[in-house]
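This report looks at the surroundings of a bound ligand and then turns to some aromatic rings. It is meant to be read with the structure in view.

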Amino acid sequence: MSKDPRILDPEMECMDPQERRILQGKRLRETVEHEYNNVPFYRERMDAAGVTPEDINSIDDIVKLPFMEKTDLRDTFPFGLFAVPNEEIVRIQGSSGTTGKPIVSGYTAGDVENWTRMVARAMASIGADKDDIIQICYGYGLFTGGLGAHQGATEIGAMVVPMSSGNTQRQMMMMEELGSTILCCTPSYATYLGESIVDAGKRDKIRLRAGLFGAEPWTEAMRQHIEELLGIDARDIYGLTEIAGPGVAFECQEKHGAHINEDHVIAEIIDPATGKQLPYGTPGELVFTTITKKGMPMLRYRTHDICTLHPEKCACGRTTVRMGRITGRTDDMIIVRGVNVFPSQIETVLVRTPGVAPHYQLIVDRVNNSDTLEVKVEMTEELFSQTDSLGEMQKLQKYIQSEIKSVVGILTKVTITAPKSLPRSEGKAKRVIDNRKL
Ligand code: DLL
């Protein structure tokens, strides 16, 4: 059932690495000029660092540029980082920021085209073409997963089934009836869907042969489990809203790292403490610079994802640098059912809720292959002495749950505990207990 993988753009994906570095340097300079001339926020930052576009003459000069952070997107929300007039922006996508506000990215028509091509390359690498039926169960909307996969699948001419996330029974029914051949979703949902298919005795009725899974960290053990459950070739796809969306990097058939689309981005690994570049193979924080994006270019954007980079030519023929799996984060962001969650978002809700104290703990677990998030929060002494009504407590729990849902976007279990019952720490509070074995 498996089809031959293809390289969609060999002239770019298999380019001589030295030539590519020259191309990257040229595109970097153009991007820096564009950013400097059109984004006052970043111009000020470059001025403060004493660097001008004329200082950027090759890819090695990238180290002269200041970093960008998620907080920069939040501080300039919504349009402060756009480098073109709003009428040239044809799309907004978004993800969660560090507070209640989302962060958004703006795309010109050309940016959408480039992003589409990046995902199409990932599709081609699993041999996808017009004979495939691609079922997309990433969420559609501001999240880049649904529309990103959709665009890439359309580009290669496949029959696209835009299911969006959720409703497993319906996903299974469509998969069986339509004969979907490729699945796009988070690896945790692929596991859940796979187990539901096996439990329903429908394993023989489905025609899936491959899947592109990403948006959250996963392991080789999870890959094996998904491949066995569904009898498919399971590949990793990586990306982030600030840079494009899915398709920044994708795995080929060799499955030893994800090829970075280096004609559109420059990847660096830095020491998160000093900001200094680290050599290939050393784990550190992944930093991306976009070099073709016009709507909202990002220069040295700190992803806070930890991984390694590998430059050796791959047996598949691609010469692009590969990134190893994401092994952690340098900040406190957690990903629950594919949704990025910052403890500070939850804290914002708790501090404005009368009756609870800002002492809380977030407990993440995986039950039946689905992530769960429990928010434990202490009630105030005042509430403790005033109420012993169970009904009132439940009302408060429901209120907090719905407030968190509206800020973070996912349903949580809320447990209200007695005053001073949660552990205190002398140093950095340990707010998150992640019991998932990743
Ligand atoms: O998750 C884009 C995406 C959608 C990628 C669908 C792949 C598939 P954001 O919501 O902005 O964008 O979240 C970006 O998710 O910094 C990583 O921490 C994490 N992440 C994304 N893909 C992977 C992956 C999308 N394959 C953040 N492995 C990133 C590990 C991933 N972590």
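A backbone N or O atom of Ile237 lies 2.8 Å from a nitrogen atom of the ligand, in what is a predicted model. Two further polar contacts of the ligand can be set beside this one, and the table lists them together.

| Residue | Atom in the protein | Atom in the ligand | Distance |
|---|---|---|---|
| Ile237 | backbone N or O | nitrogen | 2.8 Å |
| Glu216 | polar backbone atom | nitrogen | 3.2 Å |
| Arg329 | side-chain N or O | oxygen | 3.4 Å |

Taken on its own, the ligand has 610 Å² of accessible area, and the protein covers 97% of it. Two elements, helix H6 (144-155) and strand S7 (233-239), each give two or more residues to the shell around the ligand, and of these S7 gives the most, with 4 residues. The shell comprises 23 residues, of which Asp236, Ile237, Thr241, Asp305 and Asn340 come nearest to the ligand. By character, the residues of the shell divide into 11 nonpolar, 7 polar and 5 charged.

The aromatic rings form a second topic. The model holds 6 aromatic pairs, counted with ring centres within 6.5 Å. One of them joins Tyr107 and Trp115, whose ring centres are 5.1 Å apart and whose planes meet at 25 degrees; this pair counts as stacked because an angle under 30 degrees meets the criterion. Tyr107 has a relative accessible area of 1% and is therefore classed as buried, the cut-off being under 20%, and Trp115, with a relative accessible area of 1%, is likewise buried.

Another pair is made by Tyr189 and Tyr192, which is tilted, with 6.1 Å from centre to centre and 40 degrees between the planes. Both residues lie in helix H8 (residues 187-199), where they are 3 residues apart, about one turn of the helix. How does their accessibility compare with the cut-offs, buried or partly exposed? Tyr189 counts as buried because its relative accessibility is 15%, which is under 20%, whereas Tyr192, at 33%, counts as partly exposed because this value falls between 20% and 50%.

Charged side chains also meet aromatic rings in this model. Lys293 lies over the face of Tyr107, at 5.3 Å from the ring centre, so that Tyr107, which is buried, takes part both in the stacked pair with Trp115 and in this arrangement with Lys293. In a separate case, the charged end of Arg223 sits over the ring of Trp218, 5.9 Å from the centre of that ring.

Key
Residues numbered from 1 in each chain as written. Predicted model: local features only at pLDDT ≥ 70, side-chain atom pairs only at ≥ 80, totals over all residues. Heavy atoms only, no water. Phe/Tyr/Trp six-rings, centres within 6.5 Å; stacked < 30°, edge-to-face > 60°. Buried < 20%, exposed > 50% of the residue type's maximum accessible area, 1.4 Å probe, protein only. Lys NZ or Arg CZ within 6 Å of the ring centre and 35° of its normal. Near = heavy atom within 4 Å. Polar contact = N/O pair within 3.5 Å; in protein donor to acceptor, adjacent residues only side chain to side chain. Areas by Shrake-Rupley, 256 points an atom, 1.4 Å probe, with all protein chains shown as cover. Nonpolar A, V, L, I, M, F, W, Y, C, P; charged D, E, K, R; others polar.
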